[in-house]
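Let's take a walk through this structure together, one neighbourhood at a time. Have the sequence at hand and turn the view as you read.

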Amino acid sequence: MNDTLRPLNVNSLYALHAILNSPTLTGAALMMARSQPAMSMALRRLREHFGDELVLYGKPRRLTAMGEALQPRVGRLLREIDDTFNLSLDFDPATARGAVSLTAPEPIELMYLSRVVPRLLQDAPGIEVRMLPFRYGSEKLMFEQGLDVAVVPEGMVDPSLASRTLFNHDLSALVWANHPVQASEMPLDVYEQGRHVAVFDAMERSLFAELMDDSLLASRRIVARTGLHAMLPHLIIGTDLIATTSSWLAQYYVTVLPLRTMALPRPRYSSSLVAQWQPHRQDEPLIRWIVATLIAALDWPRGDKWR
């Protein structure tokens, strides 16, 4: 390993980022607000520095193996540089400007972040809240791309990130309001012999992890699967179909659709939801404010039907 550090102007990183992420050299020049000859010279210097072509222009344009390896690293470095030079330990939500980004699997966004975001906007009217599409299995990449806080089920917690447990939620059965069985608890024979709807297995496991291996849940006769948790209640209405989902999410649906919940015919199943963020941002006032708001949102107003 060469212990000699080769100096490279930080501006070259921005040029490299533009070259690796633009379809043409002209596009990279526009991104950098440079002339094309200046960008060609920057590319020549970068090729000399790395001893590699980095990008091969043509139809199609493609990156070399070195270019592909550099692309995510350069993006991460520039985000960290930006984060460093824009870091402030003075944060007042009332006067703050800019954007904060959150992500969570779809059911968590529906049942929880829908209550969190209005609180964030109320406290900080000058910010923009961005709820990014959740990428299953790519949480680290999302943080590298600028994500502030993720809310994930305990089964998806990354031990390398900072964490705060938020709350527990249970499983319950969700049925049409006029389901043939009118009871507070689903009879075991009805559950085992009934027809069930569910999201795809990987999506269920992302929310409830090992609970999905329970013999009762494994006994379900699933007749329809969907890629959207929000589709489940619409499949149920007017039928005898059963959906097994988060009790919090089920209670949310009950408040807006002709549905009702029934306890499962076994002891309660429980799982936790956890907030995660990058460890080096542990003491940032912005992160502490977001996490504090996540916790405050758990205190639903009295009389809220899905507390």
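What follows is a tour of helices, strands and the residues that join them. Bear in mind that this is a predicted model.

A good place to begin is helix H11, which spans residues 247-256. Which of its residues are buried? They are Ser247, Trp248, Leu249, Ala250 and Tyr253. These buried residues pack against several other elements: helix H5 (106-123), strand S6 (162-176), helix H10 (232-236), strand S9 (242-246) and strand S10 (259-262). Look also at the start of H11, where a side-chain oxygen of Ser246 comes to within 3.2 Å of the backbone nitrogen of Trp248.

Now for the aromatic rings. A pair of such rings is described by the distance of the centres and the angle of the planes. How many aromatic pairs does a search of the whole structure find? The search finds 3. One of them joins Tyr112 and Phe167, whose rings meet edge-to-face, at 5.0 Å centre to centre and with 75° between the planes. Tyr112 belongs to helix H5 and Phe167 to strand S6, so this pair ties together parts that lie 55 residues apart in sequence. Tyr112 has 0% relative accessibility and therefore counts as buried. Phe167 is buried too, with a relative accessible area of 8%. Another pair is made by Tyr252 and Tyr253, and this one is tilted, with 5.7 Å from centre to centre and 55° between the planes. Here the two partners fall into separate classes: Tyr252 is partly exposed at 24% relative accessibility, whereas Tyr253 is buried at 4%. The cut-off that matters for this is 20%, since buried means under that value. Finally, Trp248 joins Tyr112 and Phe167 in one aromatic cluster, and Trp248 is also one of the buried residues of H11.

Strand S9, one of the elements against which the buried residues of H11 pack, holds Ala243. With a relative accessibility of 1%, Ala243 counts as buried. Which residues does Ala243 contact, once its neighbours within four places in sequence are left aside? They are Ser172, Ala173, Leu174, Val197, Leu232 and Ile236. The C-alpha atom of Ala243 is also 5.8 Å from that of His196, although 47 residues separate the two along the chain.

Leu232 appears again when we turn to strand S8 (residues 221-226), where Thr226 is found. Beyond its neighbours within four places in sequence, Thr226 is in contact with Ala198, Val199, Phe200, Met203, Met231, Leu232 and Leu235. Its relative accessibility is 11%, so Thr226 counts as buried.

Let's return to helix H5 by way of Thr293, a residue of helix H12 (residues 285-296). Is Thr293 buried or exposed? Thr293 is buried, with a relative accessible area of 5%. Leaving aside neighbours within four places in sequence, Thr293 contacts Val116, Arg119, Leu120 and Asp123. Helix H5 also contains Leu121, which is partly exposed with a relative accessible area of 38%. With the same kind of neighbours left aside, those within four places in sequence, Leu121 is in contact with Ile127 and Val129. Leu121 and Pro93 are 28 residues apart in sequence, and their C-alpha atoms are 9.2 Å apart in space.

The last stop is helices H2 (residues 25-32) and H3 (residues 36-50), whose axes come within 9 Å and cross at roughly 105°. That angle makes H2 roughly perpendicular to H3. On the H2 side, the contact is made by Leu25, Thr26, Ala28, Ala29 and Met32, and on the H3 side by Gln36, Met39, Ser40 and Leu43. What is the make-up of this contact? Its residues divide into 6 nonpolar, 3 polar and no charged.

Leu43 then leads on to Val55, which is found in strand S1 (residues 55-56). Apart from neighbours within four places in sequence, Val55 is in contact with Ile19, Leu43, Arg47, Arg61, Arg62, Leu63 and Thr64. Val55 is buried, with a relative accessible area of 0%. From C-alpha to C-alpha, Val55 and Asn21 are 10.0 Å apart, and 34 residues separate them in sequence.

Notes:
Residues numbered from 1 in each chain as written. Predicted model: local features only at pLDDT ≥ 70, side-chain atom pairs only at ≥ 80, totals over all residues. Heavy atoms only, no water. Buried < 20%, exposed > 50% of the residue type's maximum accessible area, 1.4 Å probe, protein only. Helix = DSSP H or I, 4+ residues; strand = E, 2+ residues; numbered from the N terminus. Contact = heavy atoms within 4.5 Å. Polar contact = N/O pair within 3.5 Å; in protein donor to acceptor, adjacent residues only side chain to side chain. Phe/Tyr/Trp six-rings, centres within 6.5 Å; stacked < 30°, edge-to-face > 60°. Axes fitted to C-alpha atoms, helices over the stretch in contact; angles between N-to-C directions. Parallel < 35°, antiparallel > 145°, perpendicular 65-115°, else oblique. Nonpolar A, V, L, I, M, F, W, Y, C, P; charged D, E, K, R; others polar.
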